Every structure is written in C-alpha cells, then in structure tokens.
There are 2 protein chains.
Amino acid sequence: MRAVRLISASVSRLSTLAESRGTSVRVMANNAITIDNLNPNIIKLEYAVRGPLVTRAGEIEKELAKGAQKPFNKVIKANIGDAHAMGQKPITFIRQVIACVTYPKLMDEVDFPKDVVERARALLSGCGGNSMGSYTVSFGIEMIRRHVAEYIERRDGYPSDWQTICVMIPIPQYPLYSASLAEYGLEQVGYYLDEDRNWALDVAELERSFKEASSNTAVRAIVVINPGNPTGQVLTRDNIESIVKFAHQHKLFIFADEVYQDNVYAEGCKFHSFKKVMTEMGAPYNQTELASFMTVSKGYMGECGLRGGWMELFNMDPQVQANLFKCISASLCPTTLGQTAVDCVARPPQEGEPSYDLWIKEKTNVLDSLAQRADMIVKTFNTMEGFKCNIVQGAMYAFPSIQLPPKAVERAKAEGKAPDVYYAFRLLEETGICIVPGSGFGQRPGTYHFRTTILPQPELLQEMLEIFKEFHAKFTKEHS
Amino acid sequence: MRAVRLISASVSRLSTLAESRGTSVRVMANNAITIDNLNPNIIKLEYAVRGPLVTRAGEIEKELAKGAQKPFNKVIKANIGDAHAMGQKPITFIRQVIACVTYPKLMDEVDFPKDVVERARALLSGCGGNSMGSYTVSFGIEMIRRHVAEYIERRDGYPSDWQTICVMIPIPQYPLYSASLAEYGLEQVGYYLDEDRNWALDVAELERSFKEASSNTAVRAIVVINPGNPTGQVLTRDNIESIVKFAHQHKLFIFADEVYQDNVYAEGCKFHSFKKVMTEMGAPYNQTELASFMTVSKGYMGECGLRGGWMELFNMDPQVQANLFKCISASLCPTTLGQTAVDCVARPPQEGEPSYDLWIKEKTNVLDSLAQRADMIVKTFNTMEGFKCNIVQGAMYAFPSIQLPPKAVERAKAEGKAPDVYYAFRLLEETGICIVPGSGFGQRPGTYHFRTTILPQPELLQEMLEIFKEFHAKFTKEHS
C-alpha cells in the first residue's frame, strides 16, 4: 500500500497533500477516516441478502405507506429466512419461559404450566444474582451447554463434551461466509454443487476446486451447508462420507452449517450430522476437525430476533481451541434471553410434562405446513417457461434456475446490472415480491437463479406464486 | 511469515514436513489448524478482565461447592462491572416491557401499568409479523433509533439524526479495545492519564504519545472513556475541549466511550458529552469525527446479559459510514429483547405516566447507593499502607495504586508473574476476592494498581473491605 490513490469526487473536500510513510498511507484530509484510507477488505465485503434490492424494497414500503399508486399494495419479502415476519407464530413454551426469567414475579401471578416455572427457576439459578441481567461466561451458561451436549447425544447416539459447546450469536449463514472472509482478507475457494443431481456435492468437483486453489494458496477448511441454503438439498449419508474422506485426505477443517437440521421434508430424506457419520466411519476419519452450527432462528422455532445458537467443536487442536475461546471471551457473552431459547430447544418438554402436547402440536404444525409449501412452490415453478426447480428436500428455500431471453441479458448489461439482478429488480418494482438474485450466492457462469423462501403463509404464498407467474409471462414476452 | 516455527510439545502429533508457498505457511500435520498456522493476531489478543485469574476464581467456586476447606466461604467477584450478579435488582419497567413483548398474551392476563402495555404494543408494531422473533434491520428498529436520537437531543440540547444511530451489541469496553486492535493487527498507541490530577487527560502527554507513534505509524483515532474505566474520573468541560482541539489538530477520529454517563457521583462533577462540547465550540471543532457509545449494561440499569446499546456517528465521511453500515448488516441484527431495553432507557416513563414514580425511585436508589459505596471504598483504601486511591467521581470502579515491597516483586518474578498479578492471585487464593491487576489495563512502568468494582451490595462491600485490609496487612508483613 505504498501507492497513493486518486481522491474521488465525493471526497473532494480532501486537501491535496498525501504522503506515504513506512508501509502505511497518510492522506491529509479534513476527515481522519475516508474511503481512501479505509481497510480495503471492508470495501470488498458484500452481503447479498441485505443489499440494494432489499434497501429498495424498504423504500417501496414507505412509498406505499404514503399512498403511492403501484400495481400492488404490499411488498412480499421472500428474500430472507425470517419465519415470524411471514406470519409463523412463536412456540408457546419458549416464550413463556423467557417471560418468566425476565420478570420472575409473573410466576406468582400467572398460572403457568409447572414445567415452564421449573425451567425458568433452574435457568435463573444458573445466573449471577438470579438475574438475566448478569453476564454469563463467554461460552454460555454451563447448564445450557450441558443440555446442548445431551441434545447432540440423543440426536447422534454418541457422546458430546459440553466443554466443546459454545452458545453463541450470531450464527454464520451462507453469504455471511463470503462477507466474513472478505473482512478478514481471506480467500474464498468456490466449489459447485451439482444442480442436475439435486445439488449433491460431487467429489470430483471438490478435487478440481482444491487443486486449482492449491497452486497459490493454502486451503485449510471446507464449509458444507446441510440441509442446503440456498439450494434446499439434504445430503445423503454416502455423500457426507465422501466429503469427510475428501476433507481427511486434504487435511481440511469442516465447518458444518447444520442449522436446518429440523427442516427436512422430502420422502426418504433424513438429516445425518457430520459428527455422527464421521464417528461411525471410525479411524482415521473420526479424527477430522469439525465445527457444527445450530440456531434457534430456523427449524420450527424461527426465533431470528432472539439471536441464540450453538457451536460444537470436535477434534480441534487444544491450543487452537484455547485461542478461539479467548477470542470469544473478548465479546463478553451471548444474550441471556437468546440462551434461554437455546435451552428450550436443546431440552424441549418431555412426554408426560404439562407443556409436551402443545409443544409437539405447534412443532408439527409448523413443519407440516412448511413441507406443503415446499411442494407447492416447486410444482408451480416447474410449470413456468424457462424455470427448472429441484425438489426442496429441506431448509427454507427454493433456488430455481431461470433461462433469461438474450434481450433481457442485453438490457441488464445496458443498465449495468447482472441479468438476474435486473430480473429481481423488475419483479420487485412491478409486483412487490422481494427475492435474492443467484449471483449473490454464486452460480455457474451463464446460468441464472434466484432464491425465494418458502415462508409466506399458505394463502399469501398462493397469491405470490400467481403474481409471479403472471409477471414472468409478461417479462418473457417483453424480452422475446 | 515465510519462516516455519518449531512445533511445540503439545502438538507433537504433528508430522515434520513443513513447506512455505507464496507468503503462506503450510504445516503438514494431522490437524488442519494448529497453533503454528493460526492467525498470529489471535495469539496476541489478550483480554484482561476475563483471563486466567477469573478462570481460577471459577475453579475455586467449584472447589468450595465440593466442600473444600478454605479460609473463606465464597468468591467475591469485584473484577467485572456486573451489577445484577452483585445483587442489584432490575428496573421493573424494563422487565415488564420485555415480558410483554415476549409473550403478548400476558397483557390480557396480568394487570400491567398502562404505559407498559402501550410501550410493548408500540414496539411489537415495529417488528415483522408483530413478533420479537423477526429479524430487524441491522441498525435496529427505526422507532427505537428515533427514541435514541430524541434522548441525545434532550441530553445535549442539539439535534441528533436518527439515521446515524445504530443500535448494537456488544458495546466495546476498555481492555476490549486492545483485544480488538490485536485481532485486526492494528497498533495501539498508549497515552497515560495523570494520576496526580485525578486521572485527567494531559494534552502534553497526548502530544508526546502522538509524536512518538507518528514516526512509524499513521495515527487515525483516539479513544476516550468518560466517565473513566478503570479510573473513575469524570472529565471537566475544559479537559474535553482540549482533547477536541488536539484531535482536530492531528485529524483524529474520536471514539467516545460514554457508557457510564449516568454514573456520576462526586460533588461538583457533571457529565459532558463530547458531542455537546464539540457542538458548542463551533467551527472548526464541530467538524471533528466522533462515534459515541452507550449501553444498557451500566448506568442504573446494569442489564449486562441483555446485550443492548447504541452508537451515534457524528461527522463521519458518508462513504465510510456506508461501508461501516454494510459491515454491521453482515452481523444480521441486534437482539430484539436487548433493543427493547434500549428503548426503555432512551425513552423512560415520563412524569404523569403510571410507571414514572417507580422508575425514578428505583433509579435514584441504585445511583445513591453506588455513590455511597464509591465513597466508602476510597476512604477505606486510603487508610491502607502503601495504597493511594483517587476519588471515584463516576463509573463503577476504583483503581488504587499500591506500593509492593521489593520482596513481593522478587517472588512474583520467581513465579513468572507480573507483581500486581502475583498480588491478585494471592488475594484470590487467600480471601476469595477477585480483582483485575492493573497490568491488564496498562500503567506507568514501576507502578502497580488494580481495579475493583464498587458493585458488591453495601453489607458485602463492608465485609470485603475488612477482609482486604487484613490480607494486605498480612501480605505486607510477609514480604517486608
């Protein structure tokens, strides 16, 4: 960074003298921090799910509120996995427990189920001064970490050490990986999922990508999202085994984003955790380094605003783990109320307990309805000209490919937009439907996709799909 | 990083081949990530308030619980500003509002004050699907940001633009600055506060420090903590003016950590915000770049576990601000329940509203009691041999200097500890009192300090001070 760059127009209040000292640049400006001396990693960082399209959607909402005339009367936010915002109701037990720990006097005044009160008192006893207003240890309340370890043991049938569990916020999600890598100046090595095999991970493709990257960088880790975001696939056990073998062979740390582990819909599909598969494969594969992530934002809970989740570390070098925990402790602690939600999920009401029936009923309703919507969305998309949509086996998203007419591609270029971004902006402006263009996630060159959630409640989803179909027909006609 | 370092004993399972490619090191080990290829910035990162002493305090608590015989029966955590853990009771209005937004059905079942219900409903109407389980915009709910801007306007008498407000978690705190700088590989330039003038900021010292650092680095920003942590001073208006002039002259961005703005105790002391002082100084000083921080963890609220706070940006370059907001959006959103607490603090119950009297009573009780404890702690310390403790004008900490006998310094060296760390460990092991050694905060070479909070409730604080006094007499005798 010895070169002094030209000063852009919008920082014209900068005076002219610029000198370099040592390896750092010093710009004599009226402002201490300008775009010219900002960390270039920050400028590179992009986060697709909350980009300009979403900003525009917010503006449109304000225009509508002010009475602007548009061909639609509301914005449908199909861009973000935000279940409650799309009408899903919270799980009662979680909310009752949080209300009780927040304002314990309620437990004397309101007739809450016995298990709610017991849980609330147990959690409070794990907090300094019996208050959710105290800091917790940086990795989360010990009792909650133990419950998480028990949850994992029930799920996998193998031991989990609560001391490798860290209750955390926020859980990284897909485009966040690229954003975080950019912020830290790390390189991203892309591998393509196989769209023709329902987004499976093809080991030959992993090898190609690894080989290509290894010529100029040290590849250290692989991120796998299962069930897939934005692609909605649920990995088979065989597929996971090959990934583990690949990771072991090339000494890669596996980051398993398993936040959709409860969201599995398709007949014959089952969620297999990386930890369980790895353990069952035996030596040497059970030595592979792994961090697995889970959250209360997804699943049947959809509690995005509470910011609770957990991470399990498996086979991490103890010195590295100590350093990681040191970094985590510098963020003080995760929110106690988010941790409370984590506890309810890790240790849900058990059969025979007063809240059990309602818990099961609410959970089943949410998951059944999501399964129906997953089906509905795929069927509709596959009736649309130029659309091809894989089965949504799990997670909360469909990621159809769309063929855009050459004229649409040209117009997009004329407007300086990627073709799928052009399509998404047109859709938003003309129908109020907000989706995420595929280019924000990465796609094979020359193909176009978008991600939509399956979260709008059934009636709204039906309406959305009809409007979408109509728009797409019109768009295709206009550009053919 | 072309050199390959020796492999330490605890990673002896590493095999031997190590090669460097380009600028990155590649260690052929059984683990993908080891201490040898870890980002060296992470290894450097230290966070004093939650270090080995605190780990040891936790172990001692477990030993006591298992019935270990010690000369004390509990650990007193005077190391961290965690009010509720030390017995302070939550403010009722905040907890009632959070309970209502979490489980809205309560508003039909319980006779909450009218302003609690109104506030809860207003906040829910700002959330997607009327649920706290929805994501908010990354900078926080618009209504809450507007309330924060109004709070700042009331405090300072000058306009505040709600769009420059970001509701956030977590609020950085003192040793976190050094930790974060280390993580990002940035250099820290220390300036000393003037202990003989009650920890005032001396401009000559700022100039010295700036000049020294400027020879090999570009200094961009200055952090000021007012009221002071760990030092407890409240800056005079004159002192703030000189800091602003200094920052303006050297084109520095000011980070004003003003999280203790409600914690001012000493006769004649008053909190002046940097923004207000800067604004009243007029041109050119009112152009200085500033970020000011506030939290619900401190003040009279002490809600550390809820993770709510805010930041106001003033005069930031618009392009830099856009980049900062982009980074913030990659963390999705702050916890909604933490945001709810922020709203209650930014717009507390007003005179004539049903919750007003209780709010004022609780707030006054907490602040009066803290003022008494501040006084009590300073008076006691100043009766102790070799102790010198400035008035705690504000914040939540005392930071006395202690003269350690040469023999203590020698023993510390023999144990490989800094002398103040040795003192703190002895105190912990023999009395159960947990403080933070001054070396974690930085102190003039050859001087020794520690930080203790003023948070133990009056009776416990009295007990703690007596034990402390006894220990110190014994320690001094032993080492003289």
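Q: A charge sits over a ring if NZ of Lys or CZ of Arg is within 6 Å of the ring centre and within 35 degrees of the ring normal. What makes Lys417(A) a case of this, with respect to the ring of Phe425(A)?
A: The charged end of Lys417(A) is 4.9 Å from the centre of the Phe425(A) ring and sits over it. That distance is within the limit of 6 Å, so the distance criterion is met. In chain B, Lys417(B) lies over the face of Phe425(B), also at 4.9 Å from the ring centre.

Q: On what basis are such values computed?
A: The model is predicted, so local features need pLDDT of at least 70 and side-chain atom pairs count only at pLDDT 80 or more, while totals for chains, interfaces and linings use all residues. Side-chain values use heavy atoms, without hydrogens and water; residues are numbered from 1 along each chain as its sequence is written, and chains are lettered from A and ligands numbered from 1 in the order in which they are written.

Q: How many aromatic pairs does a search of the whole structure find?
A: The search finds 42 aromatic pairs over all chains. A pair consists of rings of Phe, Tyr or Trp (its six-membered ring) with centres within 6.5 Å; planes under 30 degrees apart count as stacked, over 60 as edge-to-face and the rest as tilted.

Q: Why is the pair of Tyr260(A) and Tyr397(A) called edge-to-face?
A: The ring centres of Tyr260(A) and Tyr397(A) are 5.7 Å apart and the planes stand at 90°, so the pair is edge-to-face.

Q: What makes the pair of Tyr260(A) and Tyr397(A) a tie between parts of the chain?
A: Tyr260(A) lies in the loop between strand 6 (253-257) and helix 10 (274-281) of chain A, and Tyr397(A) in strand 10 (residues 397-398), so parts 137 residues apart in sequence are tied together. Helices (H or I, at least four residues) and strands (E, at least two) are DSSP runs numbered from the N terminus.

Q: Why is Tyr260(A) called buried?
A: Buried means under 20% relative accessible area, exposed over 50%, partly exposed in between (1.4 Å probe, protein chains only). Tyr260(A) has a relative accessible area of 1%, and therefore counts as buried. Tyr397(A) is likewise buried, at 1%.

Q: How do you know that Phe381(A) and Phe468(A) form an edge-to-face pair?
A: Their ring centres are 5.6 Å apart and their planes are at 75°, so the pair is edge-to-face. The pair links Phe381(A) in helix 13 (residues 356-381) with Phe468(A) in helix 16 (residues 458-478) of chain A, 87 residues apart. Both Phe381(A) and Phe468(A) are buried, and ring pairs join them in a cluster whose members include Phe387(A), Tyr422(A) and Phe471(A).

Q: What makes phi of Asn198(A) notable?
A: Most residues other than glycine have a negative phi. Phi of Asn198(A) is near 50°, a positive value in a residue other than glycine. Asn198(A) belongs to the loop between helix 7 (174-183) and helix 8 (203-214) of chain A, and is buried because its relative accessibility is 16%.

Q: What kind of peptide bond joins Asn229(A) and Pro230(A)?
A: The bond is cis, with omega about 10°. Pro230(A) lies in the loop between strand 5 (221-225) and helix 9 (237-249) of chain A.

Q: How many disulfides are there over all chains?
A: A disulfide is a pair of cysteine sulfur atoms within 2.5 Å. The count by this rule is 0 over all chains. Among the cysteines, Cys389(A) is buried at 8% relative accessible area, as is Cys434(B) at 1%.
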